[in-house]
Amino acid sequence: MTILDTYRHRTPLSRRHFAAATRSIPGGVTRSLNAWPPYPTYIDAGEGKYLRDLDGNRYRDFLGNYTALPLGNTNEAVRTAVTNQLRTGSVYSFSGNLETHLATAIVGRVPGMEKIRFTGSGTEAVMFALRLARAATGRPKIAKAEGGYHGTVDDVMVSNRPPADLAGPGDRPHSVPEMRGIPDSRVRDTVIVPFNDAEATEAVLRLHHTELAAVIVEPMLGVGGMIPATDGYLQRLRTVCDDLDILLIFDEVITLRLAVGGAQSLYGVTPDLTTMGKVIGGGLPIGAYGGRADLMALLEPGRGTDVYDARSGGPVLYQGGTFTGNALSLAAGLAALTQLDAAALTTLNDHGDRLRDTLNSRLRAARHPACVTGRGSLFNVHIGPTAVDTFRDTRSVDASGQHRFFLGMLNRGFVLAARGMGCISTEHETHDVDDFVDAAFDAITDLAPRRADIISDSHAASTDSSPQPLEATR
Ligand SMILES: Cc1ncc(COP(=O)(O)O)c(C=O)c1O
């Protein structure tokens, strides 16, 4: 049975649900990532390290809502905090005290975070941070890394995955809109730097510096393939930004979980502003941005009572959001961060190191064209390249192989992202990591003889073979 046949055989209810979902939802999903051929797996429930799909197949979850759930799916303390909070309301018209508690906790952990504001998502955090940078400097442009992902605001939906024929030279990348609908004006105002090439990055920044408000960069490209900044790259950015008076923004929406103080504490580089999200909401929607107190002071209302009206005391940066600072996300976030102390994060990171070390050495020994990148508890399995140090190295990813690997892992009872991204949760024990490595190695080994097994929806499901032996919970 082919990988695709096995997938279809195991998931008839997901297939049926897909047909129903597409009648009211484009692609059958509200998050584009969740649509893949031949049809998505739909999830029925999560518990601890497991996810269960509509067909009752159980998976070990190595994705945790794209790295947002380092405590697994149904953490007891988070559940209790949210349930207790629900008794007295979910969101109020005025600020409550939880906002201050979570703010104090984060300011106490993250070196660059002198003052903080919460938002509804990581995307909003980036949007507000960029506006703040423009307001503070009076300059119109921002710079970001090729391959960097910062949510879905137009300004940063540029050169996330630019096609090779449009991307320009490696040391002077072009600004390429990620999709239709991104206005040319946004694209022109977004300058692209080559991640991990310090010389070329400095040259690009020097070329545009009179117009640049900020550089926004992930300390490790996350969605771009879990590619850590090489030694000295972030330090060099700090020096150049200081020299040119450009604000340095670290987007730690993914990397915050690498250490109590985020990746900035590991690299020893303090940005002017930091954006975050995911883990600080304990599994509920959230984002936050903050940093230098003098910059964040631009958010303080002026003399007047109406902060909408700049004439009342401006210049005032207005921040809105009906569900921003909702009590449920704050309660969940506090319960999560309390558990994510140095000891817990070290264990997570050790498990990530074990996964990378063992899988990479087995892949090398077998001469399989694949590798695992990442740092600490965050990783990405790439099918095709044997090393990935820059975003352009991901061009040698075998897209069909990567997708069949993803389906092969689902068939073996493991969830990771279609593009190979994964992470460790505190629910995983050493044997889970070892089982993942075995499954990944098998799934990759399986790819070679099956080159003809092209993913196509026209591929008929075989019904005369047995499904993979997966434990079902119902
Ligand atoms: C580095 C980074 N920044 C920003 C975002 C956007 O966050 P959200 O999906 O909460 O809007 C993401 C989401 O994956 C991210 O990885």
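**Exercise 1.** In this predicted model, find the loop that holds Ser 159 and state what sets its phi angle apart.

*Solution.* Start with the flanking elements: Ser 159 lies in the loop that runs between strand 5 (141-145) and helix 7 (184-188). Next, read the backbone angle. Phi of Ser 159 is near 50°, which is a positive value in a residue other than glycine.

**Exercise 2.** Which kind of peptide bond joins Pro 37 and Pro 38, and where is Pro 38 found?

*Solution.* Look at omega: at about 5°, the bond between Pro 37 and Pro 38 is cis. Then place the residue in the chain. Pro 38 belongs to the loop between helix 2 (12-24) and strand 1 (43-47).

**Exercise 3.** Classify the aromatic pair of Phe 128 and Tyr 289, and place both residues in the chain.

*Solution.* A pair of aromatic rings is described by the distance of the centres and the angle of the planes. The whole structure contains 9 aromatic pairs. In the pair of Phe 128 and Tyr 289, the centres are 5.8 Å apart and the planes make an angle of 20°. Planes under 30 degrees apart count as stacked, so this pair is stacked. As for position, Phe 128 is in helix 6 (residues 122-137) and Tyr 289 is in strand 12 (residues 287-291). With these positions 161 residues apart, the pair links distant parts of the chain.

**Exercise 4.** Describe the site of the ligand: which residues are around the ligand, and which pocket does the ligand take up?

*Solution.* First, the site: the ligand takes the space of the largest pocket. Second, the surrounding residues include Ser 121, Tyr 149, His 150, Glu 218 and Lys 278. By type, the shell divides into 3 nonpolar, 5 polar and 3 charged residues.

**Exercise 5.** List polar contacts of the ligand with Gly 122, Thr 123 and Asp 251, then give the share of the ligand that the protein covers.

*Solution.* Take the ligand's oxygen atoms to begin with.

- A backbone N or O atom of Gly 122 is 2.9 Å from a ligand oxygen.
- A polar side-chain atom of Thr 123 is 2.6 Å from a ligand oxygen.

Then turn to nitrogen: a ligand nitrogen lies 2.6 Å from a side-chain N or O atom of Asp 251. Finally, the ligand on its own has 390 Å² of accessible area, and the protein covers 84% of that area.

Note on methods:
Residues numbered from 1 in each chain as written. Predicted model: local features only at pLDDT ≥ 70, side-chain atom pairs only at ≥ 80, totals over all residues. Heavy atoms only, no water. Near = heavy atom within 4 Å. Polar contact = N/O pair within 3.5 Å; in protein donor to acceptor, adjacent residues only side chain to side chain. Areas by Shrake-Rupley, 256 points an atom, 1.4 Å probe, with all protein chains shown as cover. 1 Å grid on protein atoms, 1.4 Å probe; cavity = no way out; pocket = protein on both sides within 12 Å on 5 of 7 lines; lining within 4 Å. Sits in = over half its atoms within 2 Å of the grid points. Nonpolar A, V, L, I, M, F, W, Y, C, P; charged D, E, K, R; others polar. Phe/Tyr/Trp six-rings, centres within 6.5 Å; stacked < 30°, edge-to-face > 60°. Helix = DSSP H or I, 4+ residues; strand = E, 2+ residues; numbered from the N terminus.
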